[in-house]
Amino acid sequence: MQFFGRLASDYQAMFGMTLQALTGQRILDCPSGPCSFVAEAIAAGIDAVGVDPLYVHTHAELRHRCESDIAGTIKAMSEHGDHYSTLDLASYAESKRAALQGFLADYEGGRAAGRYVASSLPQLPFADQSFDQTFSAHLLVTYSSPESGGILTNSPFTEQWHQAAITELLRVTKRALHLYPTTTRTSPARRHPYLEHIVAQLQASSLWECRYQPATYQRGDSAQNLLNASLVIERVSSDHATV
């Protein structure tokens with residue numbers, strides 16, 4: 001699995017949100033990885049927490065892991081340029097390094113303050129409805145098996161795991177959970193079958209409302225950009241509107 005991050009501007013493209021719209025809310029980013037989203041949110045006065053199992057490691061260890069993964073990913077993408085014709089790989093790599101720098105600048109102090117938490121789905125160390133909104137990107141569906149439409153051979157992230165992970169994310173979320181991406185990596189792209197099944201179950205429960213929010217984030221592969229959207233799962237009982 002690749003350990004590299006994204007900027008808050010990438011979150012805006014993925015989820016159709018702005019930091020300004022999150023003011024006054026408590027936000028969870030899970031998994032957060034070496035993204036600068038939490039650091040940028042904190043700088044904007046937003047209460048944000050990031051979760052990742054690799055937060056057991058030091059600043060130096062995470063820097064080395066991320067820089068290595070960025071270099072390896074760019075090399076692999078450059079060798080399959082026909083699949084990534086919509087991406088400027090140099091700019092893509094630079095944005096990943098910028099996210100890493102923003103993350104690392106906040107990591108040690110943030111970990112001491114409790115905003116970088118070492119944990120992993122499908123079990124999180126938070127009370128019910130601890131966060132107003134939760135954002136989760138580039139783990140669910142992405143690292144499912146190739147047979148289901150993901151990229152990870154012998155993936156442990158089965159449909160049952162996805163159900164447990166989403167249930168846990170919803171448990172700690174008061175208002176809305178946002179998931180990205182929502183399509184398979186196959187061509188032509190389609191909504192990932194795991195999400196289709198889970199959405200049907202959630203809709204039937206009458207406790208949640210689900211909708212797809214169009215996204216502008218460019219994943220690099222024209223097949224993946226079809227049906228490009230995040231999944232928004234809103235708690236029906238909430239008295240608040242979502243972003």
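**Packing, strand pairing and backbone exceptions in a predicted model**

In this predicted model, the cover over the buried residues of α6 includes α5 (159–171), β5 (173–180), β6 (208–214) and β7 (229–235). The buried residues in question are P193, Y194, L195, I198, V199 and L202. Helix α6 itself spans residues 193–205. Its 13 residues reach 19 Å from the first C-alpha to the last, close to the 18 Å expected at 1.5 Å a residue. S206 follows α6 and has a positive phi, near 65°.

Strand β7 is one of the elements that cover α6. Seven of the seven residues of β7 are buried. Both faces of the strand are covered. A229, L231, I233 and R235 lie on one side, and S230, V232 and E234 lie on the other. β7 pairs with β6 in the antiparallel sense through seven bridges. Within this pairing, R211 has V232 as its bridge partner. β7 also runs antiparallel to β5, with four bridges between them. Here L177 stands opposite I233.

The pairing continues from β5 to β4. These two strands run parallel and share six bridges. F131 stands opposite T173 of β5. Together with α5, the two strands make a right-handed β-α-β unit. On the subject of β4, three bridges join it to β1 (residues 26–29), again in the parallel sense. I27 has Q133 as its bridge partner in β4. Like β7, strand β4 is mostly covered: seven of its seven residues are buried.

Nonpolar packing was examined next. In soluble globular proteins, nonpolar side chains tend to be buried together. The largest nonpolar core in the model holds 39 residues. Y11, F15, M17, F37, F103 and F135 have the most contacts inside it. At least two residues of this core come from each of α1 (8–15), α2 (37–43), α3 (59–78), α4 (89–113) and β4 (131–137). The largest share, seven residues, is supplied by α4. Apart from this core lies another, of 30 residues. V172, L195, C210 and L231 are among its members. L195 is also one of the buried residues of α6, and L231 is one of the buried residues of β7.

F37 illustrates the packing of the 39-residue core. Leaving aside residues up to four places away in sequence, F37 touches R6, A8, Y11, M17, L19, L22, I27, D29 and F135. Three of the contacted residues, Y11, M17 and F135, are themselves listed with F37 as having the most contacts inside the core.

Aromatic rings recur in this region. A search of the whole structure finds 14 aromatic pairs. One of them joins Y11 and F15. The pair is tilted, at 5.9 Å centre to centre and 55° between the planes. Both residues lie in helix α1, four residues apart, about one turn of the helix. An α-helix has 3.6 residues a turn, so residues three or four places apart point the same way. Y11 and F15 are both buried. Ring pairs link Y11 and F15 with F37, F135, Y180 and Y217 into a cluster.

Several loops carry backbone exceptions. Most residues other than glycine have a negative phi, and most peptide bonds are trans. Two peptide bonds are cis here: C30 to P31, with omega near 0°, and L121 to P122, with omega near 15°. P31 lies in the loop between β1 and α2. P122 is found in the loop between β3 (116–117) and β4.

The loop between β3 and β4 also holds Q129. Q129 is not a glycine, yet its phi is positive, about 55°. Q129 counts as partly exposed because its relative accessibility is 35%. V141 lies in the loop between β4 and α5. Its phi is near 65°, again a positive value in a residue other than glycine. V141 counts as buried because its relative accessibility is 1%.

Notes: Residues numbered from 1 in each chain as written. Predicted model: local features only at pLDDT ≥ 70, side-chain atom pairs only at ≥ 80, totals over all residues. Heavy atoms only, no water. Core = buried A, V, L, I, M, F, W, Y, C linked by side-chain atoms within 4.5 Å. Buried < 20%, exposed > 50% of the residue type's maximum accessible area, 1.4 Å probe, protein only. Contact = heavy atoms within 4.5 Å. Expected span 1.5 Å × (residues − 1). Pairing = 2+ DSSP bridges. Right-handed = clockwise from strand over helix to strand, strands pointing away. Phe/Tyr/Trp six-rings, centres within 6.5 Å; stacked < 30°, edge-to-face > 60°.
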